[in-house]
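Okay, thanks for coming, everyone. I'll put the structure up, and then we'll walk through a few parts of it together.

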Amino acid sequence: MIKICILDYGLGNILSLRNSLKYLGFNSDYLSNLNNKFNFLIIPGVGSYSKASKLIKKKKYIDVINYCRKNNIFIFGICLGMQLLLSRGSEFGNNIGLNLIKGNVDIFPNKRSILPIIGWNKVLFRKNKKFNFLNKYDNKKFYFIHSYVANLKYNENILSTSKYDKVIYTSAILGNNMAGVQFHPEKSGEIGLNFLNDFIRNNS
Amino acid sequence: MRLIARLDIKNDYVIKGVSLEGLRKVGNPFQLAKKYYNEGIDELIFIDQVASLYKRNNLFNLIEYSSKEVFVPLTLGGGIRNNKDIELAIKSGADKVSINTAAIEDKKFLKKAVKNFGSSTIISYIETKKIEDKWMIYKNAGRDNVNIELIEWIKFVQDNGCGEIVLTSIDFEGRQNGFDIELINKVYNSIKVPIIISGGCSSEKDVLYLRNNFKNASVAIASCLHYNKINIKNLKKKIDKNLYT
């Protein structure tokens, strides 16, 4: 049976995520209530990278992430949670991330663009054998809210791209037994819920 | 462009007035939220119309059960006066809060809220009315002129880091006579964050006009949805054609 752990390190609306998992019929709980008995980890988050990167460095969270790495438990980051998987973020100074996937998080590159990016944008998934089930979500719209974007060191870590103001940027990332999405599947209506469902069932 | 449903709420009912006055009951907030979600709305804004007057928001429960069945962004507004209110809103399932009166009464509040919850969580909700030649800011759901000019206020809320602006034209609100284009033209170029236009929508045509002329504008609509003048699915299809992104 799938048991999902939501890493509640203290930022953002995690109730909606929990509600969407419940709605999909998953058994989920916050880390504070679990005792390492789960087989899928979600790192959520909305807010500032500098604050989040400090909060997540607490020993209990780092322990959980190491536990997942050791036991082949899939790690899935959403929005700020995805950004935390990367090496470094430049919002309010230089902040070190979890460095599980090589790359930086920087302000959206077009200086004249309206920020934050808020709204429904298309996601173009790259072909990937392990993630074949994503084909049906290719070119579909998901809800985004962010000002900072992932700049990956290696192209092979790019799972999807999106376009805003003529700039193409990475909107989902992929690592060894982990992935992250810049958009919010739990806030993207029916299609987002289906995506979340498929993603968890194919990786746990 | 995002199509946002605006639910103004008083004593457990969605209500609708004209120029924020003469309120009429139009339905149950939870049922309407679910209905608009099922029809494909992009977001929902719940505004407690009497909260500022009584210094409290009464919609935390509504947000809590809505977030169990409505999976698009939810914004809570009305009577959000301090960081505790914002925290409670988020814990109840809100993704964002919209703030007006409290930001006017305590000029440090907006900045503090942004620092604690991130700019993408904080919406500046603005109500304005043209007095002689000047657009002035109002608080307490359009009741009190606070003697601040609109352009000045827009600069202030952006400098303090709000992530979005909802702009309501008090004179056009609820009249279903079209959006206040004069107002939008006046401020559009000074707005550097996503803007949501509210007040006056009469038909699909009004929304499409905005979409064609103001790239950065989204809309919050109420009467047109409550009185079935707009079909969300059809309108979204039209908005999607010629996407600018």
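Let's start with chain B and its contacts: of those with a separation of 6 or more, 65% are between residues 24 or more positions apart. Before I go on, please keep in mind that this is a predicted model.

Staying with chain B, how many helices and strands does it have? The secondary structure comes to 11 helices and 12 strands. As for overall size, the radius of gyration of chain B is 16 Å, and the globule rule gives 18 Å for 245 residues; those two are close, so chain B is as compact as a globular protein of that length. If you turn the C-alpha trace of chain B along its principal axes, you get a span of about 45 × 40 × 40 Å. And 53% of the 245 residues of chain B count as buried.

Let me pick one residue in there, B:Ile191. Where is it? Look in the loop between α8 (181-187) and β11 (195-198) of chain B. Buried or exposed? B:Ile191 counts as buried, because it has 20 C-beta neighbours inside 10 Å, and the cut-off for buried is 20 or more. Leaving out residues up to four places away in sequence, B:Ile191 touches B:Ile154, B:Ile165 and B:Asn216. Take the last of those: B:Asn216 is 25 residues from B:Ile191 in sequence, and the C-alpha to C-alpha distance is 8.9 Å.

Now over to chain A, and a strand I'd like you to find: β4, residues 74-78. Four of its five residues are buried, so to speak mostly covered. Which strands does β4(A) pair with? One is β3 of chain A, residues 40-43, in the parallel sense over four bridges. Here you can see A:Ile42 standing opposite A:Phe76 in β4(A). Another is β13 of chain A, residues 178-181, which also runs parallel to β4(A) and is joined to it by four bridges. On that side, A:Gly77 stands opposite A:Gly180 in β13(A).

Last stop, the place where the two chains meet. Chain A puts 23 residues into the contact, and chain B puts in 24 residues. On the chain A side, the elements giving two or more residues are α1 (14-23), β8 (117-125), β9 (140-146), β11 (158-164) and α5 (189-201). What classes of residue are on that side? There are 10 nonpolar, 10 polar and three charged residues on the side of chain A that touches chain B.

Terms used. Residues are numbered from 1 along each chain as its sequence is written. Chains are lettered from A and ligands numbered from 1 in the order in which they are written. This is a predicted model: local features need pLDDT of at least 70, side-chain atom pairs count only at pLDDT 80 or more; totals for chains, interfaces and linings use all residues. Two residues are in contact if their C-beta atoms, placed from the backbone, lie within 7 Å. Ala, Val, Leu, Ile, Met, Phe, Trp, Tyr, Cys and Pro count as nonpolar, Asp, Glu, Lys and Arg as charged, and the others, Gly among them, as polar. The radius of gyration is taken over C-alpha atoms; the globule rule is 2.2 Å times the number of residues to the power 0.38. A residue is buried if 20 or more other C-beta atoms lie within 10 Å of its own, exposed if 12 or fewer, and partly exposed in between; C-beta atoms are placed from the backbone. Two strands pair if DSSP finds at least two bridges between them.
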